[in-house]
Amino acid sequence: MTIDVVKIFPPIGIARLGNSPNEFFIGPEKPGDHTPPSGGYKDSSCQIKRQAARFHIFGYEADVLKQEITMADAEIKWTVELANTKADWKVFDGIEPSDLSVRNEGESDRASLRITPGPRTLNGPNEKNTFGTGTFKGVPVPLGEIRTDAVGCLLVLGGFGKSGSPDDTPLDKNEFANNDGWYDDVSDGPVTASVRFKGTNEWIPAASAWVICGPPKFAPAIGNMITLYDTLRQVAVSKLGAVSLLPPERPSFSKDIYPLLIRAMNLKWVSEQGAVMHSVLQDVIKPPGPPGRRIFIFSKLRNPDTDPHELVTGKNMPKIHSDYFLNSEGHRITQPLTNIQYNILKQWKDNNFDIDGDVTPIAETEINPEGLTRAALESCVGGPFVPGIETSFMTRDNYPFIEPFRLDSNHLSPGDLTKQLAIPWQVDFFLCSYEDPNLWWPAQRPDQVITTSGGSLEDWARGIADVEGMVKNWHKLGFVVQKVEEYVETERCE
């Protein structure tokens, strides 16, 4: 067998912060598998376990997948470089302004604002290295570590959720994105590898990947209406011509339609506003559903081809804010679904879809390249990017890809995927809860939750009174997990 190309998967991996000093778990690797880690998302001291991003290498011959490559097949060298450059980037003021000032504009030593510990390399199994040499204005800010497992896969773990100000600059209680003088330990950067097969002398470089080390997802099993997978799938089709990623002419209810409906319905477990969508959708979740109701639901969707600055009356689903603005009045409008999502639901409305066996998707059992890609990105926010949770609008609108979901690392620098995000991230988490009339990101940061089975909704961030309280107490908040037919808050620390 001849392998002529090797690639790292997932092409974008997602690690998440946690303050547990010793315990971590591996993030989702199979679509639909939301099994909580053994012992839960927190350790015995009620500290959040970090989520590791695990990277695999797969070999191809003439674009045909052959096998996963491990230490049994070859020597593997991994290199990762993480950085946080938020404090040295432009202020966030929406996705359109181009003439923006920089954060910390009065700081002449711009390099002191960038947390850049440099690259780290691992050369064999069961190795470890840390990103502990980065600083912010002279203050050490560790960004995490990398490890290899026994078979040579790479694990990337991010920071411990530490945010602060070396000069004790007060946080602006009304500023959700741009707090000068502050840092956090969110990061991102390229993941590269080379392999040398046994019995050969040649090192083969793998198609590189990228890793994002972002905030925890506090409702891990509940999906966003627009995931980062949906957004980058649309980018791949629109900009790269990846027609293979388009759904079939007759969409599958279980694979294409049900996931969209259930995401909207499940928002009721993390937001009282989600109950509105649940009541509208509950009689169509079992196909085919009343034709009149399907038509009514589709009539509420904003067409993504509509001018982004046009206020369209009555198009108020999904009930999430947009990262577009109305020029005349400055109001946010409803974020439209992607073209692919919209067209799937148009086929559903027209009764042009297949009802295939069990209408609910079955979780995959094997790890494979496509599944690794989906599992990582489906856990992330794909919009609105105001400025975002895991990454910003620039990943969608500006950054180049060499193939679907795989960024062109030759035109990016470590820190580029997170530099536009809120600083510190906990402030955005506190301020950006439900805002009439739409939602923000309740699957990442719940608005309301039930605390006991059959109970009523309570404020998820109850007990945290201000932005300083979120910086200090974010790790005490609860995770929403499935218990039979409900999603209930667990592991909250008073």
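E378 is partly exposed, with a relative accessible area of 21%. That residue is a good place to begin a tour of this predicted model, and the path leads from its salt bridges to its nonpolar cores.

**Salt bridges**

The side chain of E378 meets that of R374 in a salt bridge, with 3.2 Å from N to O. R374 is likewise partly exposed, at a relative accessible area of 23%. With buried meaning under 20% and exposed over 50%, values of 21% and 23% fall in between.

How many salt bridges are there by this rule? The count comes to 30. Three of the pairs are set out here.

| Pair | N to O distance | Relative accessibility of each residue |
|---|---|---|
| R374 and E378 | 3.2 Å | R374 23%, E378 21% |
| K346 and D350 | 3.4 Å | K346 35%, D350 37% |
| R396 and D323 | 3.1 Å | R396 12%, D323 0% |

In the second row, K346 counts as partly exposed because its relative accessibility is 35%. Its partner D350, at 37%, is partly exposed too.

Are the partners in the third row buried or exposed? R396 has 12% relative accessibility, so R396 counts as buried. D323 comes in at 0%, so D323 is buried as well. The side chains of these two residues meet in a salt bridge of 3.1 Å, N to O. R396 belongs to helix 7 (residues 393-397) and D323 to strand 16 (residues 321-325), so their pairing ties together parts that lie 73 residues apart in sequence.

Some charged residues join up in a group: R50, K128, E145 and R147 are linked in a network of salt bridges.

**Nonpolar cores**

Now let us turn to the nonpolar residues. The largest nonpolar core has 96 residues, and the members that touch the most others are I222 and W348. Which helix gives the most to this core? Helix 2, covering residues 253-266, does so with seven residues. There is also a second core, separate from that one, with 36 residues; among them are V80, L122, V191 and V195.

W348 deserves another look. Leaving aside residues up to four places away in sequence, W348 touches F253, I257, L261, V284, P288, R294, I297 and F353. Residues 253-266 make up helix 2, and F253, I257 and L261 are among the contacts of W348.

**In brief**

To sum up, the model holds 30 salt bridges by this rule, one of which ties R396 in helix 7 to D323 in strand 16. I222 and W348 touch the most other members of the largest nonpolar core, while a second core of 36 residues stands separate.

Conventions. Residues numbered from 1 in each chain as written. Predicted model: local features only at pLDDT ≥ 70, side-chain atom pairs only at ≥ 80, totals over all residues. Heavy atoms only, no water. Core = buried A, V, L, I, M, F, W, Y, C linked by side-chain atoms within 4.5 Å. Buried < 20%, exposed > 50% of the residue type's maximum accessible area, 1.4 Å probe, protein only. Helix = DSSP H or I, 4+ residues; strand = E, 2+ residues; numbered from the N terminus. Contact = heavy atoms within 4.5 Å. Salt bridge = Lys/Arg side-chain N within 4 Å of Asp/Glu carboxyl O.
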